[in-house]
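Let's take a walk through this model together, stopping at a handful of residues along the way. Keep the structure open beside you and turn it as we go.

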Amino acid sequence: MQHKIIETKVTVFSFDELDSSKQQLINTAKEQVNKAYAPYSGFHVGAAVELENEKVFAASNQENSAYPSGLCAERVAMFYANAQHPDVPVKTIAITAFTKGEFLKNPVTPCGSCRQVLLETEMRFEKDITVLLYGTDEVYQIDNIRELLPLCFEKTSLG
Ligand code: THU
């Protein structure tokens with residue numbers, strides 16, 4: 001018997017330490033929380049996706065009275081970007097959440113389904129996607145999606 005320990009590198013920044021392009025992408029994600037349709041959870045999420053061609057696609061979560069029919073902000077933004085530019089890799093995604101009148105203090109982390117969608121795009125273009133998870137107290141940077149989704153299921157898993 002043996003244990004395998006899986007590690008994820010998370011780089012922790014204060015917002016002020018980030019370079020201006022990352023600050024700008026986070027600010028774009030923050031603006032999106034105002035456009036969320038989240039009457040059921042009251043949890044407003046904003047995501048901003050920057051492509052390698054520097055185009056930015058931003059989106060928010062979209063809920064539905066039939067709960068599973070709604071979609072997270074990250075997937076709305078990723079599908080929007082991939083649909084508009086199917087041949088352009090994603091460079092960075094910034095994610096933020098606002099609830100009960102304030103942005104979360106701790107960085108918001110994407111759900112498993114969103115990680116799987118992000119992984120597909122990272123693998124498809126063989127290009128790392130940087131993830132910026134915004135909280136008012138600190139910002140997490142993760143350098144690629146494989147770090148976010150260890151032991152993942154991907155195309156090669158199909159055999
Ligand atoms: N949500 C997101 O948009 N992204 C996340 O990373 C976590 C959850 C949404 C889904 C739902 O509309 C609400 O937040 C509560 O789960």
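Start with L151, which is exposed, its relative accessible area being 78%. That counts as exposed because the cut-off for the term is over 50%. Before going further, bear in mind that this is a predicted model. You'll find L151 in the segment after α4. Have a look at its backbone too: phi is positive there, at about 55°, even though L151 is not a glycine.

Right beside it in the chain is another stop. C152 also lies in the segment after α4, the helix that covers 145-148. What does C152 touch, once residues up to four places away in sequence are set aside? The answer is L119 and S157. With L119 the sequence separation is 33 residues, while the C-alpha to C-alpha distance is 8.5 Å.

There's a second backbone oddity to visit. K100 has a positive phi of about 50°, and K100 is not a glycine either. This one sits in the loop that links β4 (90-99) to β5 (102-103). Is K100 buried or exposed? K100 counts as exposed, with a relative accessibility of 80%.

Step back from that loop into strand β4 and you come to A97. Here the picture flips: A97 has 0% relative accessibility and counts as buried. Who surrounds it? Ignoring neighbours within four places in sequence, A97 is in contact with F43, H44 and V45, with E102, F103 and L104, and with V108. G135 is worth picking out as well: 38 residues separate it from A97 in sequence, yet the two C-alpha atoms are 8.1 Å apart.

Hold on to F43, H44 and V45, since they turn up again around N61. That residue is in the loop between β3 (56-60) and α2 (73-84). N61 is buried, at 6% relative accessible area. Its contacts beyond four places in sequence include F43, H44 and V45, along with A36, Y37 and A38, and also L71, C72 and A73. One of these partners comes with a polar contact: a polar atom of the N61 side chain lies 2.9 Å from the backbone nitrogen of V45.

N61 also takes us to the ligand. A polar atom of the N61 side chain is 2.9 Å from a ligand oxygen. Which other residues make polar approaches to a ligand oxygen? A73 does so through its backbone, where a polar atom is 2.9 Å from an oxygen atom of the ligand. E74 uses its side chain, with a polar atom 2.5 Å from a ligand oxygen. On its own the ligand would expose 370 Å², and the protein buries 75% of that area.

Now zoom out a little to see everything around the ligand. Going along the chain, the surrounding residues are S41, F43, V45, N61, E63, C72, A73, E74, T109, P110 and C111. So where does the ligand sit among the pockets of this model? The space it takes is the largest pocket.

From there, move over to strand β2, which spans residues 44-51 and holds E50. Is E50 buried or exposed? E50 is buried, with 13% relative accessible area; the label applies because buried means under 20%. Leaving out neighbours within four places in sequence, E50 is in contact with L25, with K55 and V56, and with V90, K91 and T92.

Finish at the start of the chain. M1 belongs to the segment before β1 (11-13), and its 92% relative accessibility makes it exposed. How far is the C-alpha of M1 from that of A29? The two are 28 residues apart along the chain, and 45 Å separates their C-alpha atoms.

How values were computed
Residues are numbered from 1 along each chain as its sequence is written. This is a predicted model: local features need pLDDT of at least 70, side-chain atom pairs count only at pLDDT 80 or more; totals for chains, interfaces and linings use all residues. Side-chain values use heavy atoms; hydrogens and water are left out. Helices (H or I, at least four residues) and strands (E, at least two) are DSSP runs, numbered from the N terminus. Buried means under 20% relative accessible area, exposed over 50%, partly exposed in between (1.4 Å probe, protein chains only). Contact means heavy atoms within 4.5 Å. A polar contact is a pair of N or O atoms within 3.5 Å; within protein, one must be able to donate a hydrogen and the other to accept it, and residues adjacent in sequence count only if both atoms are side-chain atoms. A residue is near a molecule or strand if one of its heavy atoms lies within 4 Å of it. Accessible areas come from the Shrake-Rupley method with a 1.4 Å probe; for residues, only the protein chains shown count as cover. On a 1 Å grid over the protein atoms alone, a cavity is a set of points where a 1.4 Å probe fits but cannot get out, and a pocket is an open set with protein on both sides within 12 Å along at least five of seven lines; lining residues have an atom within 4 Å of a point. A molecule sits in a cavity or pocket if more than half of its atoms lie within 2 Å of its grid points.
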